[in-house]
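Biologist: I should like to learn how to read a protein–DNA model of this kind. Please take me through the features in turn.

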4 protein chains.
Amino acid sequence: MGIQERKKRERERRRQQIMVAAKRVFSVKGFTGATMEDIAQEAELSPGTLYLYFKNKDELFSSLSIRILQYLNLRLEHVVNNEKELTPDQKIASLREALYDVYEFDPVILINMFHLQSSDTLKNLSPQLLADLKGLSRSSLKLLGKIFEDGIAKGDFIERHPVALADIVWAIFSGLILWEESKRIINDNKNYLKQTLEIAFEIFARGIKK
Amino acid sequence: MGIQERKKRERERRRQQIMVAAKRVFSVKGFTGATMEDIAQEAELSPGTLYLYFKNKDELFSSLSIRILQYLNLRLEHVVNNEKELTPDQKIASLREALYDVYEFDPVILINMFHLQSSDTLKNLSPQLLADLKGLSRSSLKLLGKIFEDGIAKGDFIERHPVALADIVWAIFSGLILWEESKRIINDNKNYLKQTLEIAFEIFARGIKK
Amino acid sequence: MGIQERKKRERERRRQQIMVAAKRVFSVKGFTGATMEDIAQEAELSPGTLYLYFKNKDELFSSLSIRILQYLNLRLEHVVNNEKELTPDQKIASLREALYDVYEFDPVILINMFHLQSSDTLKNLSPQLLADLKGLSRSSLKLLGKIFEDGIAKGDFIERHPVALADIVWAIFSGLILWEESKRIINDNKNYLKQTLEIAFEIFARGIKK
Amino acid sequence: MGIQERKKRERERRRQQIMVAAKRVFSVKGFTGATMEDIAQEAELSPGTLYLYFKNKDELFSSLSIRILQYLNLRLEHVVNNEKELTPDQKIASLREALYDVYEFDPVILINMFHLQSSDTLKNLSPQLLADLKGLSRSSLKLLGKIFEDGIAKGDFIERHPVALADIVWAIFSGLILWEESKRIINDNKNYLKQTLEIAFEIFARGIKK
DNA sequence: TATGAATGAGGCTTCATTCAT
DNA sequence: AATGAATGAAGCCTCATTCAT
């Protein structure tokens with residue numbers, strides 16, 4: 001048992017090592033630009049070894065998303081559990097903090113999520129991993145929903161169309177159109193997103209609070 | 001003269017034919033997934049022909065973005081020019097309509113814009129095309145800015161951090177994390193985005209209006 | 001007949017126009033680097049037109065060699081015919097002048113002749129053109145031979161290995177022109193080159209030693 | 001240590017295996033006619049494998065030239081070092097032997113050297129390989145020069161136009177090897193060829209006249 | 001006769017994946 | 001378990017050649 005356990009732990013450590021390397025390489029070169037060779041090199045392993053831990057490139061990539069969705073879930077759970085004693089402002093602030101941190105955890109999460117949608121990617125995933133992805137997404141959505149439902153139930157938030165959770169998407173829209181240009185203007189892509197997030201949240205809070 | 005003109009027109013028609021096919025294929029398979037062969041087949045042309053009208057795959061792709069940015073500019077100009085006689089609500093509505101239509105024009109614009117950022121893509125573009133892209137982006141930004149500046153100048157809108165134009169991006173964030181799941185729930189991705197956009201705009205308007 | 005003749009003449013003019021352009025383009029870009037499009041542009045014609053005058057790219061290329069071989073023959077004939085009244089020194093000078101001029105006529109003749117050897121090229125030629133090439137090569141060789149034979153017969157030149165006639169010159173210049181033909185004659189390219197090298201070196205040694 | 005060494009050796013063996021196959025294919029089909037697929041087949045490897053040992057087709061091709069230039073250098077060094085105790089006749093014979101062997105080593109060296117000149121080829125080489133090529137060419141030229149200079153210094157050889165050192169030899173053989181370098185030295189390729197032709201002819205005349 | 005748009009075969013190259021060691 | 005050399009499928013792109021006008 002001890003040995004069994006130790007082996008399992010060792011295996012998990014390797015997986016993490018590879019994922020850390022993969023994340024680094026993917027964020028620099030993007031999914032298509034990154035080669036398994038690149039990732040192996042970054043992880044100081046050989047290409048063949050990656051395949052002992054991940055079925056293929058798509059699955060390695062998706063595992064990163066799993067990890068960040070797990071982190072998102074964790075943070076959202078925390079917000080839900082602590083929400084009861086907080087004022088609306090505090091709840092919003094708490095949610096904002098959570099999302100900030102998720103973003104810090106992986107600044108290119110957006111691009112990754114886009115890639116994840118592609119049916120070609122999904123086709124290559126093992127049923128288990130696919131199930132995990134769906135489960136985590138659903139869970140995140142429910143948790144987010146719960147935060148708002150609680151707020152509404154207590155009369156702190158105004159009621160709204162159930163889908164509105166993920167709203168405000170016009171920014172998805174115009175914001176991104178101007179992304180490239182914005183980078184030029186702000187000259188620090190990372191901070192810009194954070195600033196924008198901050199401002200967006202202000203407006204969002206104003207919109208959702210009574 | 002007549003012949004010259006006719007040929008030019010014919011050539012432009014071909015370009016459009018290819019772009020229409022490319023748009024269709026790219027939106028189904030994504031940039032990497034789509035092959036030039038696919039696009040040629042969709043356009044009922046041979047692969048070689050594509051290269052008579054577009055220098056390479058990246059340039060064909062980017063030309064699609066040029067087209068939508070031109071359309072965006074057109075719509076924004078219209079909003080700016082008509083803005084003077086409108087109430088704040090009408091202005092917002094007018095802008096919303098414009099963005100709706102842009103979205104209708106190309107629902108996968110977001111993904112495209114993400115791809116466009118990649119330096120690998122930009123490397124392959126002709127200087128002319130690159131300049132056009134930058135020019136159009138900048139112009140869009142200025143027009144958007146003008147709409148809000150006018151609103152603020154007239155006292156209709158509350159003043160805000162200058163970058164805030166493209167803000168509200170947290171939706172890019174949470175919205176997209178949940179994108180995949182949302183699709184499952186709504187089961188009609190296109191309508192969902194439209195609904196979301198609508199709601200987002202409501203909130204947005206509430207945030208920006210005095 | 002007058003019309004017939006005029007048409008024929010006109011046709012020949014066009015052929016020349018194309019060959020002039022081809023020569024220019026080939027000498028700048030080499031055979032592989034030059035495209036039919038390039039040549040058409042240089043000739044201020046359309047690509048399709050080239051095929052009205054030349055069966056294919058290889059045949060267009062080879063026609064240039066035909067032309068220079070014709071010129072070489074012309075010059076050699078002139079040397080042979082005038083040789084009788086000249087001193088040995090004058091004969092050599094005369095031959096030298098002829099070869100100079102051939103070289104001036106087309107400085108990249110060597111490279112062209114190399115290309116011409118390739119069996120892939122020869123495969124694409126019409127039987128007529130192939131026969132012309134062989135005939136001209138053989139004729140040049142015979143003429144060169146005659147010059148030396150005459151010199152030997154008159155006791156002006158020292159006798160030498162039968163192949164040695166065109167030897168040195170081969171190495172310098174015409175050998176390459178006649179490469180293809182030489183191969184046929186000697187039927188063992190490798191040994192021939194070695195023999196030639198041997199003889200050349202003898203002469204070379206004689207020239208350089210005090 | 002042993003393992004490291006064995007791997008390096010194994011790798012070098014593979015490189016040689018590929019180069020041998022490439023040499024065979026190139027000499028039959030020429031550079032353009034030979035496909036990487038052909039070479040892979042000849043080497044009983046897959047196309048992809050070639051790229052583990054050579055950056056691209058041009059670099060594989062050029063590596064063959066590197067090899068023969070190295071061999072040429074080796075032989076020339078040997079001639080230079082042994083020259084002191086030899087009579088003029090022996091020196092010439094020694095040089096002849098060296099050049100014979102180089103020719104035996106690769107009978108199509110001339111064609112290869114022609115191809116190597118093309119700027120399109122040089123563009124695709126790694127700086128390292130390019131530097132090696134230039135270095136070896138220059139070295140060969142110097143060694144050749146040294147042989148003649150020594151001969152002249154000792155009074156065994158007649159002095160001649162400074163360019164004449166490599167002249168005749170150029171025409172016969174190595175001139176082509178050193179073509180690229182010669183161009184740099186003379187800085188006027190066209191005139192250089194003419195000069196060389198002139199000198200060659202002088203010697204030629206001296207050799208053939210009684 | 002001349003055009004030039006269109007074709008499509010084929011080459012170089014990359015890279016995810018495998019497998020013998 | 002780890003390696004990393006080898007594979008080979010597949011994509012982008014070029015360009016000689018054709019053919020409808």
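**Reading the DNA strands and the domains**

Modeller: Of the atoms of DNA strand E within 4 Å of the protein, 66% belong to sugar or phosphate and the rest to bases. This is a predicted model, in which local features need pLDDT of at least 70 and side-chain atom pairs count only at pLDDT 80 or more, while totals for chains, interfaces and linings use all residues. Residues are numbered from 1 along each chain as its sequence is written, chains are lettered from A and ligands numbered from 1 in the order in which they are written, and side-chain values use heavy atoms, with hydrogens and water left out.

Biologist: Which residues are the closest to DNA strand E?

Modeller: A residue is near a strand if one of its heavy atoms lies within 4 Å of it. DNA strand E is surrounded by 30 residues, and the closest are B:Arg14, B:Thr49, B:Tyr53, C:Arg14 and C:Thr49. By class, this surface has 13 nonpolar, 12 polar and 5 charged residues. In that classification Ala, Val, Leu, Ile, Met, Phe, Trp, Tyr, Cys and Pro count as nonpolar, Asp, Glu, Lys and Arg as charged, and the others, Gly among them, as polar.

Biologist: How far is a phosphate oxygen of DNA strand E from an N or O atom in the side chain of C:Tyr53?

Modeller: A polar contact is a pair of N or O atoms within 3.5 Å; within protein, one must be able to donate a hydrogen and the other to accept it, and residues adjacent in sequence count only if both atoms are side-chain atoms. For the side chain of C:Tyr53 the distance is 2.6 Å. Polar backbone atoms also lie by phosphate oxygens of this strand: that of A:Lys57 at 3.0 Å and that of C:Ser46 at 3.3 Å.

Biologist: Which helix gives the most to the surface near DNA strand E?

Modeller: Helices are DSSP runs (H or I, at least four residues), numbered from the N terminus. Helix 3 of chain C gives the most, with 5 residues.

Biologist: What surrounds DNA strand F?

Modeller: There are 31 residues around DNA strand F, of which A:Arg14, A:Tyr53, D:Arg14, D:Thr49 and D:Tyr53 come nearest. Sugar or phosphate accounts for 65% of the strand F atoms within 4 Å of the protein, and bases for the rest. Phosphate oxygens of strand F lie 2.6 Å from a polar side-chain atom of A:Tyr53, 2.5 Å from one of D:Thr49 and 2.8 Å from a backbone N or O atom of C:Met36. Helix 3 of chain A supplies the largest share of the surface, 5 residues. By class, this surface has 13 nonpolar, 12 polar and 6 charged residues.

Biologist: How is chain A divided into domains?

Modeller: Domain bounds come from an automatic or database domain assignment. Here they give domain 1 (1-54) and domain 2 (55-208) of chain A. Contact means heavy atoms within 4.5 Å, and 17 residues of domain 1 are in contact with 14 residues of domain 2 in chain A.

Biologist: How much area do domain 1 and domain 2 of chain A bury between them?

Modeller: The size of an interface is often given as the accessible area lost when the parts come together. Buried area is the accessible area (1.4 Å probe) that two parts lose on being put together, summed over both. Domain 1 and domain 2 of chain A bury about 1,400 Å² between them, 73% of it on carbon and sulfur atoms. A:Lys23, A:Phe31 and A:Phe54 supply 47% of the area that domain 1 buries against domain 2, more than any other three residues.

Technical notes: Helices (H or I, at least four residues) and strands (E, at least two) are DSSP runs, numbered from the N terminus.
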